[in-house]
Amino acid sequence: MKTWDNLKRSFKIAILTVLCIILAFSTGLSYVLSYGATSEPEINAKSAVLYSENTKTVVFSKNKDERVAPFSTTKLMTALMVVKHIKNLDQKVTVSKEAAALDGSSMELKEGEVVTVRQLLYGLMILSGNDAAYSLAETVSNGNVDEFVQMMNDEAKALGCNDTHFVNPNGMKEDGHYTTASDYMKIARATLKNKQVYKFASTKKYEMGATNLSESRVMKSHTDLINTKGSGVVAGKTGFWNGEASIVLAYDKKDLQLVLVLFGDDKENRPKDAKAIFEYAYKYLKVNKPVAKGKKVTKVLVRGGKNTVVDAYASETAYAYTEKGGRAKISVKIKRDWSVKAPLKKGDKVAVAKVYVDGKYVSDAPLVVKRNVSKGWITSEAYISNIGAMVLGPTLVALIVIICLVKRRRKKAAMPIGKHDKVRSK
């Protein structure tokens with residue numbers, strides 16, 4: 001009986017031990033899920049969307065479908081319409097009375113002042129000039145600003161914006177002038193992908209020469225974080241009206257490319273919110289380094305070199321960003337430069353390592369040589385190195401001698417028997 005009791009007691013202890021282990025594991029797991037996961041940032045802005053160009057996904061959003069006033073971020077769309085319809089940006093423009101009379105942010109244009117479309121675009125994006133926006137709209141539409149606004153609305157529809165409507169080209173608050181963070185992300189991405197608009201939106205300082213009515217102007221960007229070293233912000237457009245602030249920002253750091261749209265914020269919290277969202281993106285996305293700086297990646301052929309096969313190293317790191325927890329296939333393809341020819345100097349580029357995620361190109365890194373490669377012998381033109389030629393030369397001579405001897409022996413073996421005797425008697 002005692003043996004049976006001991007067995008039951010041991011069985012109960014084993015069951016309790018297993019239950020304790022399961023409880024401890026589940027508690028630990030819930031802790032990891034609750035506290036180890038990346039939590040979304042608490043921001044002051046009423047609505048926002050952060051889009052990752054690397055993963056082609058929305059990384060963060062808040063009230064993305066809520067209607068808001070875009071304010072001067074409207075001017076991104078204005079700039080896009082201008083560069084689409086005016087090919088000569090040095091075209092002269094005479095400022096109208098209506099444009100010069102506009103209130104709010106201004107580049108201080110005067111009625112009758114002669115400027116260029118290019119100068120107006122800088123004034124539009126850097127100084128957020130309402131006068132510049134109106135003057136550009138008049139130029140594109142031959143004075144019919146309502147027609148220009150209709151172009152803006154048509155473009156928004158074409159981009160897939162279903163809850164956006166513009167009333168003016170400058171973003172000044174008016175009834176019926178609205179968008180959503182979700183809609184405006186489509187507009188922001190389209191405008192910042194345009195090389196000309198991007199140039200104006202990324203310029204930190206522009207010196208404009210004197211005109212017929214004004215002295216020279218110096219324009220300096222006040223876009224949040226664009227002048228902060230290491231911020232990652234490379235371009236953008238701000239908006240502000242009676243204490244309420246909005247912004248569109250383009251971010252590019254370590255090949256992580258993001259676009260941020262923020263609405264319903266204030267000037268003090270706007271840069272803080274932007275920074276917090278960008279930091280969140282780094283935690284949310286997984287950083288992959290398929291090609292690391294300084295690492296050997298492949299070998300390349302060098303025509304005419306003392307060495308015709310050399311190692312190629314990455315001179316930069318190529319990044320690939322994927323969503324954490326998501327499955328993605330990362331691959332590296334080498335684009336070789338078949339025209340590589342000696343002599344080469346240390347650091348010369350000989351190829352490019354291109355990184356793909358799920359078959360889509362995301363980044364690349366130049367591949368360079370880490371030592372000098374001098375010119376080789378004439379055989380190196382056929383990709384035979386000096387050492388190879390030294391080894392191959394005697395080998396070829398020996399091979400030729402062997403072939404000749406074999407041929408001679410075969411020739412003798414093929415001769416009639418009588419002839420062999422005649423050859424010997426001689």
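Which residue just after α6 takes a positive phi? Hi everyone, let's start there. It is G160, with a phi of about 95°. Keep in mind that what we have here is a predicted model.

Now, back to the helix itself. Helix α6 covers residues 145-158, which makes 14 residues. At 1.5 Å a residue they should span 20 Å, and the end C-alpha atoms are indeed 20 Å apart, so expectation and model agree.

What about burial? In α6, the buried residues are V145, F148, V149, M151, M152, N153, E155 and A156. As a reminder, an α-helix has 3.6 residues a turn, so residues three or four places apart point the same way. And what do the buried residues of α6 pack against? Three helices: α2 (75-85), α5 (130-141) and α7 (181-193).

Hold on to α7, but let me bring in the sheet first. It is an open sheet of 5 strands, ordered β2-β1-β9-β8-β7, with antiparallel pairing. At the edges stand β2 (57-62) and β7 (233-241); each has a single partner strand, so one side of each is left without a neighbour in the sheet. On average, neighbouring strands are turned by 5° against each other, direction ignored.

Let's zoom in on one pair. Strand β1, residues 47-52, runs antiparallel to β2, and 5 bridges join them. For V49, the bridge partner in β2 is S61.

And here α7 returns: this helix packs on the sheet, where it touches β1, β7, β8 (244-253) and β9 (256-265). The direction of α7 makes about 135° with that of β9. So α7 is packed against by buried residues of α6, and α7 itself packs on the sheet. Thanks, everyone!

Note on methods:
Residues are numbered from 1 along each chain as its sequence is written. This is a predicted model: local features need pLDDT of at least 70, side-chain atom pairs count only at pLDDT 80 or more; totals for chains, interfaces and linings use all residues. Side-chain values use heavy atoms; hydrogens and water are left out. Helices (H or I, at least four residues) and strands (E, at least two) are DSSP runs, numbered from the N terminus. The expected span of a helix is 1.5 Å times one less than its number of residues. Buried means under 20% relative accessible area, exposed over 50%, partly exposed in between (1.4 Å probe, protein chains only). Contact means heavy atoms within 4.5 Å. Two strands pair if DSSP finds at least two bridges between them. Axes are lines fitted to C-alpha atoms, for helices over the stretch in contact, and angles run from 0 to 180 degrees between N-to-C directions.
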